[in-house]
Amino acid sequence: MDVRIKTPLPHGGKLVDRVVRDRERAKKMAKGAAVFDIKPTLYNGMPVRNVYREIMSICYGFFSPVEGSMTHAEVERVLKERRLLSNWIFPYPLVFDISREDYQKLGVTSGDRVLLRLKGQPFAILDVEEVYEIDPPELARRTFGTPEDNPEVVKKNFDEKHPGYVIYKSLNPIVLAGKYTIINEPKFRPPFDRFWFPPAKCREEFAKRGWTTVIAHQTRNVPHVGHEALLKNAAFTGDIAPCDGILVNCIIGAKRIGDYPDEAIVEAHEMVNKAGYVSPKRHMVTFTLWDMRYGNPLESLLHGIIRQNMGCTHHMFGRDHAAVGDYYDAYATQILWSKGIPSFGFPAPPNMVEYGLQIRPQNMAEFWYCPKCGETAYSANCEHAERQRFSGSFIRSLLAEGVFPPPVIMRPEVYKVVVKWWKHFNYPFNNKKYLIEREQRLEVDLEPLDI
């Protein structure tokens, strides 16, 4: 009997594709539209978000079934129930926000079309369905939850030390709601160009490789040996052993100071298979454009949506998944995917509720290096008292001091990738200078499109 797991349908049943590739049609669509130049979201003068990344991920289907900037009613339902108006689950409000001053200059209302320019070139259009106001601090508070409203997993109130809270608090007060359409496809700059696999292309690649079961690895870091152990062990999922493939999907966008540059992240993960530590036949590196919200269980919902849309059957979730600080319970994501979080609208796991996800969770145990065993270990196979945890902060402190991490912590080939981009940017981690400069160059370039 064939017990193979089938490739899941896209979330919502159909991949969103809102990209116009016919340039003449694109010109006609943009003709006569009001023009607006996309601006980054700033906090204390530093870019923390660029809505172009959300537009890209929406129009290429990563966030299916979302098609644009959400209406007020949809934002309210997402905040109250973590569901779209179509009933499909979704964790975050996604909006196109502008200042009151810019709105007065733009002079648009429901039924109008806005041409969005990026880096001075036509990029996308927004068909305005509704214009409404938001209270950004209140939106930030409601987006991530509170100890009073979500006592199962929220440990303390969010504040300006939390990057996702800062993003929502820093939004402009006016929202233009409506569907996006990309009319001028951007070209990715190296090294991102070779890792661009939007959902339709990713599914085609899986079919080409003969992958039916694929487990996703979420990352915002360069890989250490602990991550490598996760990749290798998670490939044996319990549902099917082993998975045909391992999809590493890096999050590319504005991240907190102290994280690695995005260029180093994608190339370091590529090096894991180029150097032969994971078979390239079973390992594939890709990325998604998204300015991380660091929302732990809520972020894991988005990750599940993204990777299901890309064609993955399974997703690994670990301790402190996509988290920063101690705002959430360290195991909040695993709680969500094992029994649900009722206060967030999930009386059962996200893959076991109506209009939920088809992707299957693989909750991962915490790994460490055991000096006695001389290898990476975890509780199911090692009970030795000596445990050296793979601390990302500790590894970054070594790198900052110019210390070559021992091979039991980081592969030398991966370290060389970090050093390569360290030399390029003159610093191994994100800092204010890097974030400002990368906002100016972005990950893409656009060709002129005469309107």
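A crossing of two helices is called left-handed if the near helix is turned anticlockwise from the far one by less than a right angle. That term is needed at the fourth stop of this tour of a predicted model.

**First stop: the whole protein.** Display the complete chain as a cartoon; 14 helices and 18 strands are present. The radius of gyration is 22 Å, close to the 22 Å that the globule rule gives for 451 residues, so the protein is as compact as a globular protein of that length. Along the principal axes, the C-alpha atoms fill a box of roughly 70 × 50 × 50 Å.

**Second stop: burial and contacts.** Colour the chain by accessible area: 59% of the 451 residues count as buried. Next, consider contacts between residues at least 6 apart in sequence; 76% of these join residues at least 24 apart.

**Third stop: a helix pair.** Select residues 72-81, which form helix 3, together with residues 136-144, which form helix 5. Their axes come within 8 Å and cross at roughly 40 degrees. The two helices are therefore oblique to each other, since the angle is neither under 35 degrees nor in the range of 65 to 115.

**Fourth stop: the handedness and the contact.** Rotate the view so that one helix lies in front of the other: the crossing of helix 3 and helix 5 is left-handed. Now show side chains at the contact. Helix 3 contributes Val75, Glu76, Leu79 and Lys80, while helix 5 contributes Leu139, Arg142 and Thr143. Colouring by class shows three nonpolar, one polar and three charged residues in this contact.

Technical notes
Residues numbered from 1 in each chain as written. Predicted model: local features only at pLDDT ≥ 70, side-chain atom pairs only at ≥ 80, totals over all residues. Heavy atoms only, no water. Axes fitted to C-alpha atoms, helices over the stretch in contact; angles between N-to-C directions. Helix = DSSP H or I, 4+ residues; strand = E, 2+ residues; numbered from the N terminus. Parallel < 35°, antiparallel > 145°, perpendicular 65-115°, else oblique. Contact = heavy atoms within 4.5 Å. Nonpolar A, V, L, I, M, F, W, Y, C, P; charged D, E, K, R; others polar. Rg over C-alpha atoms; globule rule 2.2 N^0.38 Å. Buried < 20%, exposed > 50% of the residue type's maximum accessible area, 1.4 Å probe, protein only.
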